[in-house]
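Q: Could you take a close look at one part of this model for me, the place where helices pack against each other? I'd like to know who touches whom there, and how far I can trust the picture.

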Amino acid sequence: MHSVSVRAPWEGACSSLKSSRNHEHFLARDSRPHRVRCGVAEPSGKPAPFGQITRYNDNILDKAFIALFRRKMEANLGKTSKMQGYEGFVDVSKKIMQGRTAVEQRAVVRDVLLSLLPPGAPAQFRKLFPPTKWSAEFNAAVTVPFFQWLVGPAELMEIEVNGVKQMSGVKITKCRYLENSGCVGMCVNMCKIPTQDFFTNEFGLPLTMTPNFEDMSCEMFYGQSPPPIEEDPALKQPCFLNMCSIAPPQSTACPKLQQVAQEISLTEA
């Protein structure tokens, strides 16, 4: 799968969200796919290097989305966090993982996502966006400007699905959720798998997410069905030893991901 030079259809979308003079907003104009960067407060305008947490200047809309997701998660959890902003959002996610199996964690995420939508929304989505090339490309285009508050800067890229080239790929430069949590298990159990399942099973639009744990980037492939959980290489990913407080000194896979593998084994037994 290779990216090509293309003009992002959502060029300038972030400018409508700008709420302060300090809010970063620009579009890279070079031979690479155009990318829209919102809120990054680093002097370079790019996410911080691996091992460092990127600073963001969240605008009013960013903060509203963060607060909305957090309230829905707290309502499901029955607990809150003393931390503020995006850090508080991530802290609530960590609390959801505590004392819950991987299956239960994913069920909470599904319930939270459904609670954000009006009744009957998944059925309406299926009617409006059947699993076609156009639907995949449209949802990829929407993801780039409107979900940067959650995952950070992203760009469209061309991918190949069933032999057809289409602009339905999204490359996340450095995932904000992963770098703030520092937890491989949270990435897979609370984001990757439930998001894939939600789009594929609730919305009927296949989605595959492939995180890169070496640089914290992530690729999203709209229109491509995800692999069976038991075959997903992400389950074999070890912890970030210098970031995770529960990381075993010698482990071939994150303990929370080993739990997923054990649940799969019990299901198949």
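A: Happy to. Let's start with a set of side-by-side residues: Pro-122, Phe-125 and Arg-126 in helix 4 meet Phe-199, Thr-200, Asn-201 and Glu-202 in helix 8. By type, the residues of this contact divide into three nonpolar, two polar and two charged. Please keep in mind that this is a predicted model.

Now for the geometry. Two packed helices are described by the angle between their axes and the distance between the axes. Helix 4 covers residues 121-128, and its axis lies 10 Å from that of helix 8, at an angle of about 70°. The two are therefore roughly perpendicular to each other.

Helix 8 has another partner to look at. Helix 3 (residues 102-115) packs with helix 8 (residues 184-202) at an angle of about 60°, and their axes are 9 Å apart. That angle makes helix 3 oblique to helix 8. The crossing of helix 3 with helix 8 is right-handed. On the helix 3 side, the residues in contact are Ala-102, Gln-105, Arg-106, Val-109, Arg-110, Leu-113 and Leu-114. They meet Asn-189, Met-190, Ile-193, Pro-194, Phe-198 and Glu-202 of helix 8. Sorted by type, the residues in this contact are eight nonpolar, two polar and three charged. If you are following along in the 3D view, Glu-202 is a handy landmark: this residue of helix 8 meets helix 3, and it also meets helix 4.

To place these helices in the whole, the chain has nine helices and six strands. Of its 269 residues, 49% count as buried. Among contacts with a separation of 6 or more, 57% join residues 24 or more positions apart.

As for trust, the chain averages a pLDDT of 83, and 80% of the residues score at least 70. Confidence varies by element: strand 6 (residues 217-222) has the highest mean pLDDT, 98, and strand 1 (residues 25-27) the lowest, 31. Over residues 1-37, pLDDT stays under 50, although the model has 78 contacts beyond four places in sequence for this stretch.

One more spot may interest you, away from the helix pairs. Ile-53 sits in the loop between strand 2 (35-38) and helix 1 (60-77). Its relative accessibility is 47%, so Ile-53 counts as partly exposed. Beyond residues up to four places away in sequence, Ile-53 touches Glu-42, Ala-48, Glu-179 and Asn-180. The C-alpha atoms of Ile-53 and Arg-176 are separated by 8.1 Å, with these positions 123 residues apart along the chain.

How values were computed. Residues are numbered from 1 along each chain as its sequence is written. This is a predicted model: local features need pLDDT of at least 70, side-chain atom pairs count only at pLDDT 80 or more; totals for chains, interfaces and linings use all residues. Side-chain values use heavy atoms; hydrogens and water are left out. Axes are lines fitted to C-alpha atoms, for helices over the stretch in contact, and angles run from 0 to 180 degrees between N-to-C directions. Helices (H or I, at least four residues) and strands (E, at least two) are DSSP runs, numbered from the N terminus. Angles under 35 degrees count as roughly parallel, over 145 as roughly antiparallel, 65 to 115 as roughly perpendicular and the rest as oblique. A crossing is left-handed if the near helix is turned anticlockwise from the far one by less than a right angle, and right-handed if clockwise. Contact means heavy atoms within 4.5 Å. Ala, Val, Leu, Ile, Met, Phe, Trp, Tyr, Cys and Pro count as nonpolar, Asp, Glu, Lys and Arg as charged, and the others, Gly among them, as polar. pLDDT is the predictor's confidence in each residue, from 0 to 100. Buried means under 20% relative accessible area, exposed over 50%, partly exposed in between (1.4 Å probe, protein chains only).
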